Amino acid sequence: MKKKFIKEKNDKNVFYFRNEKLVNYLSKKDIAFLNKFNKSRICTHASKNSDLHEMFIFHKKGTLVKAHKHNVDESFLLLKGKVELILYDEKGKKKKSKIINSIFNKNNNLDFYFRINKGTYHSQFFLEDTYFKESTLGPFNKNKTKYANW
């Protein structure tokens with residue numbers, strides 16, 4: 001049986017579907033291998049040039065995504081795990097911190113989704129091994145992500 005994914009040439013932890021089909025499917029089994037890495041993702045879009053980017057991402061407990069901002073909005077849906085989302089002003093002062101939990105958490109009052117408007121500095125600290133779905137607009141250009149220098 002042919003493997004479902006191919007690795008991104010420049011990043012060993014990024015995977016794309018092998019073929020462009022009318023419909024691609026994912027199961028829990030398909031994404032289980034992601035936890036072999038500290039950070040990894042399956043991109044369900046065809047390439048970095050796609051208009052819509054949807055990714056299933058894994059981050060290990062203790063991973064810190066440094067403060068940064070983008071020129072597009074992005075959204076996150078937590079499937080399993082827990083993350084602290086931290087928002088900053090332009091000078092690096094913390095504006096807000098919020099714990100985001102799995103959509104399957106038994107407590108119905110806990111947040112499981114967040115959307116970040118373009119130009120908003122944010123970071124994430126992963127409190128548990130976490131699987132999440134991220135969506136944003138493409139095409140991807142790493143130079144359009146600005147990391148904080150404070």
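Reader: Why is N38 called exposed?
Author: The relative accessible area of N38 is 52%. Exposed begins over 50%, so N38 earns the word. Keep in mind that this is a predicted model.

Reader: Where does N38 sit, and what does N38 touch?
Author: N38 is in the loop between α1 and β3. Leaving out residues up to four places away in sequence, N38 touches F58, H59, K60 and T63. A contact needs heavy atoms within 4.5 Å. One of these partners, H59, is 21 residues from N38 in sequence, with 5.7 Å between their C-alpha atoms.

Reader: What makes T130 buried?
Author: T130 has 0% relative accessibility. Buried means under 20%, so T130 qualifies. The residue belongs to strand β11.

Reader: Which residues is T130 in contact with?
Author: Neighbours within four places aside, T130 contacts I57, F58, H59, L78, K80, G81 and K82. Take K80 from that list: 50 residues separate K80 and T130 along the chain, and 5.3 Å separates their C-alpha atoms. H59 is a contact of T130, and H59 is also touched by N38.

Reader: How do you know whether L22 is buried or exposed?
Author: L22 has a relative accessible area of 91%. The cut-off for exposed is over 50%, so L22 is exposed. Its place is the loop between β2 and α1. L22 and G119 are 97 residues apart along the chain, and their C-alpha atoms are separated by 34 Å.

Reader: And K29: buried or exposed?
Author: K29 shows 74% relative accessibility. That passes the over 50% mark, so K29 counts as exposed. K29 is in helix α1. Between the C-alpha atoms of K29 and N141 there are 30 Å, with the two positions 112 residues apart along the chain.

Reader: How many aromatic pairs does the structure hold?
Author: There are 9 aromatic pairs.

Reader: Why is the F5 and F33 pair called tilted?
Author: Start with the distance. The ring centres of F5 and F33 lie 5.8 Å apart. Pairing requires centres within 6.5 Å, so the two rings pair. Now the angle. The planes are 40 degrees apart. Stacked needs under 30 degrees and edge-to-face over 60, so the label left is tilted.

Reader: What does the F5 and F33 pair tie together?
Author: F5 is in strand β1, residues 5–8, and F33 is in the loop between α1 (28–31) and β3 (39–43). The two are 28 residues apart in sequence, so the pair joins separate parts of the chain.

Reader: Why does F5 count as buried?
Author: F5 has 13% relative accessibility. The limit for buried is under 20%, so F5 falls inside it.

Reader: What makes F15 and F37 a tilted pair?
Author: Their centres are 6.0 Å apart and their planes 45 degrees apart. The first value is within 6.5 Å, and the second is neither under 30 nor over 60 degrees, so the pair is tilted. This pair links distant parts of the chain: F15 is in strand β2 (residues 11–17), and F37, 22 residues away, is in the loop between α1 and β3. Both F15 and F37 are buried.

Reader: Which residues do ring pairs link into a cluster?
Author: F5, F15, F33 and F37.

Reader: Which peptide bond is cis, and how do you know?
Author: The bond from G138 to P139 is cis, with omega near -5 degrees. P139 is in the loop between β11 (130–137) and β12 (146–147).

Reader: How many helices and strands does the protein chain have?
Author: The chain has 1 helix and 12 strands. From the N terminus, two strands come before the helix, and the other strands follow it.

Reader: Why is the chain called as compact as a globular protein of its length?
Author: Its radius of gyration is 16 Å. The globule rule gives 15 Å for 150 residues. The two values are close, so the description holds. The C-alpha atoms fill a box of roughly 50 × 40 × 25 Å along the principal axes.

Reader: What share of the residues is buried, and what share of contacts is between residues 24 or more positions apart?
Author: Buried residues are 38% of the 150. Of the contacts with a separation of 6 or more, 66% join residues 24 or more positions apart.

Reader: What does the chain expose, and how many charged side chains are there?
Author: About 10100 Å² is exposed, with 51% of it from carbon and sulfur atoms. The chain has 33 positive and 15 negative side chains, and the centres of the two sets lie 4 Å apart.

Technical notes
Residues numbered from 1 in each chain as written. Predicted model: local features only at pLDDT ≥ 70, side-chain atom pairs only at ≥ 80, totals over all residues. Heavy atoms only, no water. Helix = DSSP H or I, 4+ residues; strand = E, 2+ residues; numbered from the N terminus. Buried < 20%, exposed > 50% of the residue type's maximum accessible area, 1.4 Å probe, protein only. Rg over C-alpha atoms; globule rule 2.2 N^0.38 Å. Areas by Shrake-Rupley, 256 points an atom, 1.4 Å probe, with all protein chains shown as cover. Lys, Arg positive; Asp, Glu negative; His and termini not counted. Charge placed at Lys NZ, Arg CZ, Asp CG, Glu CD.
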